[in-house]
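Reader: Could you take me through the place where the two chains meet, and then out into the rest of each chain? I'd like one connected account with the cut-offs spelled out.

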Amino acid sequence: MTQRATIPMAIALLITTLGFATLIFVQEAKSPPLIYGAYYAGTMVALYLGVRLWLPHADALLLAVVTLLTGVGLVMIYRLTYDVSGRENLATTQAGWILVGTAALVLTALLFKNYHRLFNYKYLLAAVAVGLIASTIFFGYEVNGAQLWLKVGPVNFQPSEFARIALIIFFAGYLADTRDLLAATSRTILGVQVPALKYFGPVAFVWAASLGLLVFEKDLGSSLLFFAVPLLMLYVATGRIAYVILGALLFAAGSLTTYYLFDHVQVRVQTWLDPWSDPNGTGYQVLQSLFSIADGGITGTGLGEGFSQAIPEVQTDFIFSAVASELGLLGSTALLLAFLVFVYRGIKISLLAADDASKLLAFGLTSMFAIQTLIIVGGVTKAIPLTGITLPFVSYGGSSVVGNFILTGLLLVVSENAGRRAAEEATPEFVEGEAA
Amino acid sequence: MNTQLRRTFYLFAAGFVALVGVMAYWQVYAREDLTNHPSNGLQSQRSQETPRGLIFAGDGETVLARSERAGGNEYERIYPEGEVFANVVGYWSNRFGASGIEIGQNNNLSGTGEPETLDELLNQFSGGPETGNNVTLTVDPELQREAYNQLAQSNTGRGAVAAFDPQTGETLALATYPSYDPNVVIDEGFEEISNEPNNPLLNRATQVTYPPGSTFKVITAAAALEAGVRPTDRFNDDGTYETPGYSFGNYRGKAYGNVTFAEALVFSINTVFAQIAVDRVGPEKLAAMAREFGFGYEYEDYPLYVAPSDLGLPPEEWAEGNTAPISFGQDRVVSNVFEMGLVASAIANDGDMMQPRLVREVRSSDGIILDRPTPRPLNEALPEGTARTLNEMMQGVVEEGELVAAQIQGTKVAGKTGTAENPQGEPHSWFISFAPADDPEIAVAVVVENGGVIGEDGAAETPALTIAGNLMRAYLDRPAPAPPSTQPNLPAGVPGGGPGEVLDPAQRPAQPSAPDQPGAPVDPFAPFRNAAPQQQQQSQPGQPPASQQQPLQPVPRPQDEGPG
């Protein structure tokens, strides 16, 4: 594991500072209270130092990427909202959420340094996850046509952001226990080997329950995530490509069914296929996104010079369009590369992890992160139909930020475990550096 | 298990690479299509968020248009001089379009043209703001204001003024009245203003054409001089000129007897000009001379639209009944003060018509000069000798015609009046002139719509003459020869009430030489009463009378046509 990431951390903070300096001095944006900037930088540096002390073998590069992504997110949220009345404080709120997320990461690292304990509670976690998702049906309220939000005291949050992580822990623990049984099946239906229902049952049940609820709640982006991540975990656990093919067929059938059952799915697909037919109605959002992206060109309009504020929900789902507009192809590619570095480190942690459950956990978390990024960036660029999910760490949104910090915390403890093992196996002279 | 992990990583990596490809598609390949898509409002939003350049008057200080931050990132256009410069500066509105210099110089003002300085180039690369360039006009702000006020105070309150520097072609004033406030137009007032009966959005100096009346006689005179007529050649005027089907007379039926050609111009004798045009010049040469002076030319290099002046039928179709009235600017001859001002300028400048200009220079926002056009001749309308002769004849019009309202103490003034019959009502009052005649600094053309109000004695008022005189004196900063005629307009209904027409010797002691002319008119107003009386203009099949013209309509842009 890369245990030291001081220079990447410094670069990430420098880029964030540069972004704010550009907005304040060049664009003459009203400066946000500097204390928030100090909070943010201090939090990230303290987090980095804390992780270096508490988890000395963990992959600290993840924190540098997280710092870069949250920093770019803060700069963009600030740029997009500082002069919008009623939204002036979104950037400082986001900084607050980052603080909360950091606390959640620290708690995760403290409580679950021995994360194997979590697998003992996998059924409970699965039940909690399904319960969380179901809770929005009874207690939730609707935003933008999807009933995803819960109000707990003064705080609104999206339970599915946390349910995902719980589900991944469940799948990792369960699949690690049963992977041999699932792989070593001899039954075939129509030439496709299928696992024994006895072992596959719990997976199928949790999977179907969460999917069904999400489809019911019209949360298409999360549905896609909840479908794809367990499928990939199943593939990794069993090594059987047949599961992926079967899953893809199931997905196709499910998609067709939902397409005919739900109007809003039809609208989404029609909008994707031909946004030009209704440029001021259903196609408005994605067309504004494309106009903004195109406006950026290769080098971008320059920070603060673009017009991506025209995109509805730009600070959450469409923040990538704003980055592409103002920082251009170069900036958006750099941001995508930062995401890819995170994914690369996540897969690396999974590769180095000692046991199956750890591997599957790291892989599940990483693939969720990767697929979420691919879905939303693909959506705002009209590569795939648009589904409303956040861009991890960059988009505005408390639940999303906190959830992704917890995800990072889990990856860190897994990497600590793997790193320590690698360090023990290595020669005594080997102290640090790449243990690949 | 690790094999599957690697494979899925490759899958993710492929996904990210594909996304970069998608981004490249939108940001490079499809960029232009999306930018120009009609649903894409970003460009107009950008133009709203970029300050346009300043527009200055000729003194380089008077701001005619500036952009001001109007809350948020948006800018709004402010026109400090309002109505006075509206017809020149125009307006810039996202909703109602644009006009005047605002559209004519938009490439400079909006900064959307090619980058011309290193700064602009760097800005374009870095995506920084591309502020517009500043445009300085040639218009003298005081003269423009004076012209506007004089028109406002004229007897009908509708008219136009064009003033040029004859030696450089610079537009010194281009005024029209009534005008509009561009600040109101861009602020939702467009509809109301465009529906006003007086049509204030119309630039009467350039967009409207009127019959030029006797001011056109300078062109006929130029053609006559070129055809060999000398100023001293004598012609007989018996008060009428007969053509098949037509009979033309002088104003109020006057007969002048035996007069020289020069005197015919001084007293604006229609019958003599008709004789000369028909017998000595002929349609082809007369039309050719008019084209030399810019009739039919669109002045496309001028930043404002100029309705081309027109002679009506092509000369090969002129009957004598056309040629005769055309010689004194009636029939279907139409022109405007822009054109007639350039005619005066060309005569003043020894026959060379300079390219008319409205923009003195263009500077980048940081003061670097990007463009400063130099004076260049547009066309040699007349040989120098002929131009000098015509110049002297026009000086005679002001001196011997005793047009006191246009005279300047110690300065020779050349000019020609016009009282143009038109189907809209009272005759239009015209005057074209330049001064000092021996070294011209300013040429002025004035028209007052229906300003030649005919009084009970049959005499018409001459508000254009008074306005032109006042403007020339103001520009040259020299006094009038008589007690200064501070009364710029004539009270409506008072026939010939202007001081310029009063031949009371006591009122003009400073008149250097006003010897009584042989054959001088008994009626002192006769010089201006020279249009053909309406009742003598009979219609005839195939030759529709002037009443079928619609001079108040903006003239549609015809085909490109050179001045000569």
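Author: Starting at the interface, 43 residues of chain A are in contact with 31 residues of chain B, where contact means that the C-beta atoms, placed from the backbone, lie within 7 Å. On the chain A side, the elements that each give two or more residues are helix H9 (220-238), helix H12 (284-296), helix H13 (319-352) and helix H14 (356-380). H13(A) gives the most, with 12 residues. Helices here are DSSP runs of H or I with at least four residues, strands are runs of E with at least two, and both are numbered from the N terminus. By class, the chain A side divides into 24 nonpolar, 14 polar and five charged residues. For the classes, Ala, Val, Leu, Ile, Met, Phe, Trp, Tyr, Cys and Pro count as nonpolar, Asp, Glu, Lys and Arg as charged, and the others, Gly among them, as polar.

Before going on, a word on the ground rules. This is a predicted model, in which local features need pLDDT of at least 70 and side-chain atom pairs count only at pLDDT 80 or more, while totals for chains, interfaces and linings use all residues. Residues are numbered from 1 along each chain as its sequence is written, and chains are lettered from A and ligands numbered from 1 in the order in which they are written.

Now zoom in on one helix pair across the interface. The axes of H9(A) and helix H1 (residues 2-29) of chain B come within 7 Å and cross at roughly 145 degrees. Axes are lines fitted to C-alpha atoms, for helices over the stretch in contact, and angles run from 0 to 180 degrees between N-to-C directions. The crossing of H9(A) and H1(B) is right-handed, meaning that the near helix is turned clockwise from the far one by less than a right angle (anticlockwise would be left-handed). H9(A) brings A:Leu232, A:Tyr235 and A:Val236 to the contact, and H1(B) brings B:Gln4, B:Leu5 and B:Thr8. That adds up by class to four nonpolar, two polar and no charged residues. It helps to recall that an α-helix has 3.6 residues a turn, so residues three or four places apart point the same way.

Staying in chain A, look just ahead of H12(A), one of the helices at the interface. A:Pro275 sits in the loop between helix H11 (263-273) and H12 of chain A. A:Pro275 counts as buried because 22 other C-beta atoms lie within 10 Å; the cut-off for buried is 20 or more, exposed is 12 or fewer, and partly exposed is in between, with C-beta atoms placed from the backbone. Setting aside neighbours within four places in sequence, A:Pro275 touches A:Gly283, A:Val286 and A:Leu287. Its C-alpha atom is separated by 9.1 Å from that of A:Gln285, 10 residues along the chain. As for chain A overall, 15 helices and five strands make up its secondary structure, and 55% of its 436 residues count as buried.

Over in chain B, the tally is 17 helices and 19 strands, with 54% of the 564 residues buried. One mostly covered piece is helix H13 (residues 283-292) of chain B, where seven of the 10 residues are buried. Those are B:Pro283, B:Leu286, B:Ala287, B:Met289, B:Ala290, B:Arg291 and B:Glu292. Their cover includes helix H10 (217-226), helix H12 (270-281), helix H14 (320-327) and strand S16 (377-380) of chain B. After H13(B) comes B:Gly294, with a positive phi near 110 degrees.

Chain B also has sheets to look at. Five of its strands form an open, antiparallel sheet in the order S8-S7-S19-S18-S17, where strands pair if DSSP finds at least two bridges between them. Strand S8 (171-177) and strand S17 (414-422) of chain B stand at the edges with a single partner strand each, so one side of each has no neighbour in the sheet. From one strand to the next, the twist averages 5 degrees. Six bridges join strand S7 (residues 159-164) of chain B to S8(B), and B:Gly159 has B:Tyr177 as its bridge partner. Helix H17 (residues 463-476) of chain B lies across S7, S8, S17, strand S18 (425-435) and strand S19 (442-448), running at about 150 degrees to S19(B).

Terms used:
Two residues are in contact if their C-beta atoms, placed from the backbone, lie within 7 Å.
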